Amino acid sequence: MQSFRSQSLELWNRRLHYYLGLYFLFFLWLFSFTGLLLNHPQWRFTNYWQDRKETQFETPLQPRGPLSELDRAREIMRELGLAGEIDWPAQKQTQGRLDFAVSRPGLLHRVSADLIQNRARISRIEVNAWGVMNVLHTFSGTRVNNPAATRDWTLTTVWVIAMDAVAAGLLLMVFSSYYMWYRLKPKRRMGLIALTTGIVTCAFFAVGLGWLR
Amino acid sequence: MAKILYVWTRDLHLYIGLFLSPFLLLFAISVFLLNHVRAPVSAVSATPAEVRVVRVPAGIEAAQGIERVQLAGEVISQLGISGEINFIRAVPKESRLVIPVVKPGVEAVVDLHVKEGTAKVSVRKTTFGESLSYLHRSPGPHNAAIRGNWFWTRAWQWLADATVYLVMFLSLSGIYLWAMLRAERTAGFILMLTGALTFAGIVYAVIS
């Protein structure tokens with residue numbers, strides 16, 4: 001006979017599992033589907049880059065006093081009405097120039113500013129819905145190969161919080177499923193086989209490949 | 001019939017979910033690493049570069065794309081290195097090819113001096129966290145023409161794809177199992193609707 005506390009824990013554990021699943025359903029579908037797309041760049045129907053719309057224009061800039069590169073970039077963005085995450089080029093800025101990109105899912109502006117002539121050349125690149133979805137999967141404001149890259153747009157932070165919440169929700173769902181399975185005595189043996197197979201397979205890739213000659 | 005469908009769906013949801021759970025943990029934990037780890041990747045241990053004599057395959061300098069990767073594969077196997085070969089950087093003036101090789105746990109760079117027939121090998125052992133991040137991003141969209149040049153990268157791609165398809169199954173079967181619980185329909189529906197609105201609201205704000 002189960003105690004009231006045990007029954008209550010079981011009920012709320014089960015509820016946590018499907019409430020989280022239902023709340024994060026659309027996020028999970030987005031990240032799952034876009035993960036598939038990112039792993040298959042050869043799929044032609046999702047190849048958004050070749051269908052991009054690119055336009056270029058030049059515009060004068062207001063003269064400014066000495067500012068840091070970030071502040072100057074923000075001033076230029078404000079003047080041009082641009083919003084998004086700032087991406088800096090890998091190489092150092094040339095004296096008297098400021099090159100950077102402003103990105104958000106679906107839209108990229110490459111800004112090349114001449115700070116002496118006070119002019120900027122802007123390249124505006126717009127991609128289709130496939131491109132938007134692809135970028136959403138990786139839109140975190142950080143770069144694995146560029147530790148200096150930091151988030152500087154509030155909405156990037158909001159999106160990262162959403163990604164973190166989905167990941168945390170997934171962790172909770174996995175652990176709640178372990179508890180639900182543990183409570184089902186007739187399913188323990190088959191469940192153990194399934195779980196062990198998953199652990200061994202996953203561990204082989206995460207750890208075992210490093211030992212492989 | 002409805003009972004059989006319910007029982008089969010519930011059991012498949014359970015067993016597939018248990019099999020998939022380590023992969024879901026891997027992908028979920030690596031999200032935090034990819035989103036928040038900004039410190040330069042630190043070497044767990046980097047062995048001092050070692051110069052070794054190798055037999056250089058004919059035509060490796062002239063070859064391009066996957067053909068060059070295959071010839072580079074012959075070089076790295078002589079050195080006892082295995083892994084996915086990334087973009088090979090050529091330095092024609094010095095008759096050199098820089099061959100990066102990566103796999104979970106190890107990153108190696110083979111600096112091949114074609115004329116001398118020697119290779120300078122640097123190996124770095126990576127952290128467990130870096131391995132998880134690497135697997136999360138692998139194979140990924142970059143260098144599509146040469147990607148999957150190592151058997152285990154292709155095997156991982158197959159598993160990553162399978163994870164997506166099985167997550168789709170788990171979510172659809174989960175919806176079915178929830179819908180069978182009449183007492184939970186209202187609360188579940190409100191949560192699903194709230195989640196959908198949150199999703200649509202954030203996506204709209206980010207893209208518009």
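Me: Which is B:Asn143, buried, exposed or partly exposed?
Reply: Count the neighbours: B:Asn143 has 17 other C-beta atoms within 10 Å. With C-beta atoms placed from the backbone, 20 or more others within 10 Å would make a residue buried, 12 or fewer exposed, and anything in between partly exposed. A count of 17 sits in between, so B:Asn143 is partly exposed.

Me: What does chain B average in pLDDT?
Reply: This is a predicted model, where local features need pLDDT of at least 70 and side-chain atom pairs count only at 80 or more, while totals for chains, interfaces and linings use all residues. Residues are numbered from 1 along each chain as its sequence is written, and chains are lettered from A and ligands numbered from 1 in the order written. pLDDT is the predictor's confidence in each residue, from 0 to 100. In chain B, 96% of the residues score at least 70, and the average is 93.

Me: What is the phi of B:Asn143, and where does B:Asn143 lie?
Reply: Most residues other than glycine have a negative phi. B:Asn143 is not a glycine, yet its phi is positive, about 50°. Helices (H or I, at least four residues) and strands (E, at least two) are DSSP runs, numbered from the N terminus. On that count, B:Asn143 lies in the chain B loop between H3 and H4.

Me: Which peptide bond is cis, with omega near 0°?
Reply: Most peptide bonds are trans. Look in the loop between helix H3 (128-137) and helix H4 (151-179) of chain B, where B:Pro139 lies. The cis bond runs from B:Ser138 to B:Pro139.

Me: How many residues of the largest nonpolar core come from helix H1 of chain B?
Reply: A nonpolar core here is a set of buried Ala, Val, Leu, Ile, Met, Phe, Trp, Tyr and Cys residues joined through C-beta atoms within 7 Å. The largest one has 71 residues, and B:Val110 and A:Val166 are among those touching the most other members. Helix H1 (residues 2-36) gives the largest share, 11 residues.

Me: How far apart are the C-alpha centres of domain 1 and domain 2 of chain B?
Reply: The bounds come from an automatic or database domain assignment. In chain B, domain 1 covers 2-37 + 158-207 and domain 2 covers 45-126. The distance between their C-alpha centres is 42 Å.
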